[in-house]
Amino acid sequence: MEASYSADLAIIGAGIVGSALGYFLSSSGDNSKKIVLIDRSFAPLKGSTGHAPGFVGQYNESEVLTRLAKETVHEYRRIPAGFDVVGGLELATSPAGAERLKQRHDSAKRAGLEAELITTEQAIRMAPALIKGEYTAALHFAGDGAANAIRITTFFQDEARARGVQLLQADATKIQQANGQVEGVMTTAGFVQAKKVIIATGIWAPELSDFQTPIPIIPVAHPYMYGKYHELSEHRAPWVRWPEHHVYARDHGTFYGLGSYDHPPFAQQPNETAIGDWIEDFGATLDTAMKFIPDSTNLEIREKFNGIFSMTPDNMPLVGAVAEVAGLYMAAAVWVTHAAGSAKFLAQMIQGEALDETLKKALDPNRFKGREMKELTQESLDGYNHIYKTVASSE
Ligand SMILES: Cc1cc2nc3c(=O)[nH]c(=O)nc-3n(C[C@H](O)[C@H](O)[C@H](O)COP(=O)(O)OP(=O)(O)OC[C@H]3O[C@@H](n4cnc5c(N)ncnc54)[C@H](O)[C@@H]3O)c2cc1C
């Protein structure tokens, strides 16, 4: 096949994950390698990255995810205006919820994170516009914050471009392979010949992942709303989450945002963007979520949308080599919270560096081999209501 472009490595998808890969893979100092970063739209970003409110909570009951999040925050904090360390608050409304927050506090401290159990009064002082009433426990993570995902993605792209990475605006239509070896990517701009190819197309990853081993990346619908504008608050409130109720709120500075996982999971096939049609039932979901906000805040919906992101059966990303096709890699179902850490890990793998075996095993894209896709899809959907899982995994 005649190649329009020739590269050592082609990355498909330039959301926060693909762009971070372009950045880390071009940072090794060896600029002799030719890298092409392909996306159907660089501006605006049409994927999940362009719509994420950017909550970054580093502690996770999965030690692997906590490690990836810590590494990610370390990277984001180096990016001008990339990460706002506003902190995060979790509030419990029942004795069992309080017990879980205590466990999370203890485990987070053991993981080396700043965590403190505080009183309801202290919590209200931190976020008076977002918190009312009495809580059985409040947990403060001082080092958490808000990632400006678009800013970070642009930074990674700019830095990658400055180091010679070619940004190609095109639609990838097929991964070309022969005798179990990747040959490149067919795109609307022609054939990109490449020795190595990475699928980093987020919720669209299944479209390019036609393998015998199932790749259970299940796009789901999620409601988020922006409140009406107000004067810029002097003090930015931390993120507030009510884990037992699957609700979270963000102080965006000149408006508040509110999201909820408190609804039956909806699998949603994306079109060209990560925004799906509004789902009627989401109105009631947001109404219920708004009850947590003090009346004095006068939270009213200015804009609401259905944002699509990926779920997997074990709530873990798929990052690593695709066993069936030599030279093919994947980094998908990765949250903003784990994007830089995951990209760094895959860059190490591609560059042949020593790898942490625990991470490699937990993130292995081939780990669902032999399983039925129907069952894996159901498990992924079931996980949606446990995104704020606060029960220790041993329970
Ligand atoms: C409403 C909402 C709230 C969220 N909240 C949070 C949060 O608070 N914290 C958090 O950590 N995460 C959050 N997420 C999840 C987070 O946004 C995603 O996990 C993350 O952005 C995924 O990044 P990505 O680069 O893998 O995918 P994307 O950003 O979707 O990028 C994929 C890219 O691939 C391109 N592409 C796809 N197919 C092709 C093709 N065939 N050819 C060429 N280009 C292609 C797309 O144009 C796109 O730019 C949220 C997501 C949404 C939608």
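1. Which residue stands opposite Ala147 in S8? Phe83 does. This pair is a handy way into the sheet described in point 2. One caution comes before that: the model is predicted.

2. Start with the sheet around that pair. Three strands make up an open sheet, and their order is S3-S8-S4. The pairing is antiparallel. S3 covers residues 55-56 and S4 covers 83-84. These two strands stand at the edges. Each has a single partner strand, so one side of each lacks a neighbour in the sheet.

3. Now the link between S4 and S8. Strand S8 spans residues 145-147. It is joined to S4 by 2 bridges, and the two strands run antiparallel. As background, strands of a sheet pair through backbone hydrogen bonds, in either a parallel or an antiparallel way. Phe83 and Ala147 give a place to look for the S4 side facing S8.

4. Next, the ligand. It is surrounded by 30 residues. The closest are Asp39, Thr49, Ala172, Val334 and Thr337. By type, the shell holds 16 nonpolar, 11 polar and 3 charged residues.

5. Several polar atoms sit beside the ligand. Thr49 offers a side-chain N or O atom 2.5 Å from a ligand oxygen. Val17 uses its backbone instead: a polar atom there is 3.0 Å from an oxygen of the ligand. Arg40 also uses a polar backbone atom, which lies 3.2 Å from a ligand nitrogen. As for cover, the ligand has 1000 Å² of accessible area on its own, and the protein covers 98% of that.

6. Which elements give two or more residues to the shell around the ligand? They are helix H1, residues 16-25, and strand S18, residues 301-311. The largest share comes from S18, with 4 residues.

7. Last, look at Ser342. This residue lies in helix H7, which runs over residues 339-350. Is Ser342 buried or exposed? Ser342 counts as buried because its relative accessibility is 0%, and the cut-off for buried is under 20%.

8. What surrounds Ser342? A polar atom of the Ser342 side chain is 2.7 Å from the backbone oxygen of His338. Leaving out residues up to four places away in sequence, Ser342 touches Leu68, Val319 and Val334. Val334 links this point to the ligand, since Val334 is also among the closest residues there.

Key. Residues numbered from 1 in each chain as written. Predicted model: local features only at pLDDT ≥ 70, side-chain atom pairs only at ≥ 80, totals over all residues. Heavy atoms only, no water. Near = heavy atom within 4 Å. Polar contact = N/O pair within 3.5 Å; in protein donor to acceptor, adjacent residues only side chain to side chain. Areas by Shrake-Rupley, 256 points an atom, 1.4 Å probe, with all protein chains shown as cover. Nonpolar A, V, L, I, M, F, W, Y, C, P; charged D, E, K, R; others polar. Buried < 20%, exposed > 50% of the residue type's maximum accessible area, 1.4 Å probe, protein only. Contact = heavy atoms within 4.5 Å. Pairing = 2+ DSSP bridges.
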